[in-house]
Structures are given as structure tokens and as C-alpha cells.
Amino acid sequence: MVDVKLYLDEVGKRIMERRKKLGLTQEALAEMSDLTTQFVSYAESGKRAMRPENLMKIAAALEVSTDYLLTGDIIDKDELLLSKKLNRLTASEVRIIESIIDECISLYHKNE
């Protein structure tokens, strides 16, 4: 049986981590999502389940897939969102990002 409270806590944690990574306040995320600040606060704390349409609003504002918020898995849509960001960079900026990714792969897989 699924522990609903744990599940809601994990979804809330991913929302909060992504919001903070983007440098957004709860108020800013609420405004971008057309939701209330209290709703965002409850969602982040795992106190409230969300209707699908509200989850979709938050995911769009955070520029991630709903799958990522629900499961933590990166899917094709997340990669597409990242690709759109890369398309806004110059060729030299893309090469810098590529170097950073290569270094991360090297560091994270060093002990394998």
C-alpha cells in the first residue's frame, strides 16, 4: 500500500527544491501558477494533494514535467525543456555547458 503522506511530502520537496533553484519565492510561484501563496505553501509541505490542473500549472511555472514532480524521474519532456534553453545560447556557451556536463559525469561516475 502506498504511504500517501510520504508521497505528498516527496512531491512537495521536489516543488520546493525546484522553486528555490529558480530563485523564486512562494509568492512568485503562486503568481506564475495562478494559485494562492497558501496553496503553494501547503503543496510544498505535503499537507494538500493537488488536482491535476494545479499540478500542471506548477510544473509549467517551474519548467519541469509533471512526471518529475510526481516521481522525480526525468522524461523526454524535461529534456525538451532543457534543449529549448540550450537553443537560446551561443555556440561557445553551449560548449561551456557541455564541458560542465562532462565534468559532472566524470565526478559522479568516478567511483563506479
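Confidence in this predicted model varies among the elements. Helix α2 (residues 26–33) has the highest mean pLDDT, 98. Helix α6 (residues 76–86) has the lowest, 91. Across the protein the average pLDDT is 92. A score of at least 70 is reached by 96% of the residues. Where pLDDT is low, the predicted coordinates should not be read in detail.

The fold is built from helices. The protein has seven of them and zero strands. Read from the N terminus, the order of elements is therefore α-α-α-α-α-α-α, with helices numbered in that direction. The C-alpha trace spans about 45 × 35 × 20 Å along its principal axes. Of the 112 residues, 25% count as buried. Contacts were also sorted by separation in sequence. Among those between residues at least 6 apart, 46% join residues at least 24 apart.

In soluble globular proteins, nonpolar side chains tend to be buried together. In this model, the largest nonpolar core holds 17 residues. Seven members touch the most other members: Ile-15, Leu-29, Phe-39, Ile-58, Leu-62, Val-64 and Leu-69. Two or more residues of this core come from each of α1, α2, α3 (37–45), α4 and α5 (66–71). Helix α4 gives the most, with five residues.

Leu-62 illustrates the contacts made by one core member. Neighbours within four places in sequence are left aside here. Leu-62 is then in contact with Ile-15, Leu-29 and Leu-69, among others. Its partners also include Leu-22 and Leu-24. Two arginines, Arg-18 and Arg-19, touch Leu-62 as well.

Asn-54 lies in helix α4 (residues 52–62). Is Asn-54 buried or exposed? Its relative accessibility is 8%. The cut-off for burial is under 20%, so Asn-54 counts as buried. Beyond residues up to four places away in sequence, Asn-54 touches Leu-35 and Phe-39. Phe-39 is itself a member of the largest nonpolar core.

Rolling a probe the size of a water molecule over the atoms shows where empty space is left. The largest pocket contains about 650 Å³ of space. Its lining comprises 17 residues. Nearest the centre of this pocket lie Arg-18, Lys-21, Asp-78, Leu-82 and Lys-85. Helices α1 (4–21), α6 and α7 (91–108) each supply at least two lining residues. The largest share, six residues, comes from α6. By type, the lining divides into ten nonpolar, seven charged and no polar residues. Helix α6 is also the element with the lowest mean pLDDT. Arg-18, one of the residues nearest the pocket centre, is in contact with Leu-62 of the core.

Key: Residues are numbered from 1 along each chain as its sequence is written. This is a predicted model: local features need pLDDT of at least 70, side-chain atom pairs count only at pLDDT 80 or more; totals for chains, interfaces and linings use all residues. Side-chain values use heavy atoms; hydrogens and water are left out. pLDDT is the predictor's confidence in each residue, from 0 to 100. Helices (H or I, at least four residues) and strands (E, at least two) are DSSP runs, numbered from the N terminus. Buried means under 20% relative accessible area, exposed over 50%, partly exposed in between (1.4 Å probe, protein chains only). Contact means heavy atoms within 4.5 Å. On a 1 Å grid over the protein atoms alone, a cavity is a set of points where a 1.4 Å probe fits but cannot get out, and a pocket is an open set with protein on both sides within 12 Å along at least five of seven lines; lining residues have an atom within 4 Å of a point. Grid points are joined across faces, edges and corners, and a volume is the space filled by probe spheres set on the points. Ala, Val, Leu, Ile, Met, Phe, Trp, Tyr, Cys and Pro count as nonpolar, Asp, Glu, Lys and Arg as charged, and the others, Gly among them, as polar. A nonpolar core is a set of buried Ala, Val, Leu, Ile, Met, Phe, Trp, Tyr and Cys residues joined through side-chain atoms within 4.5 Å.
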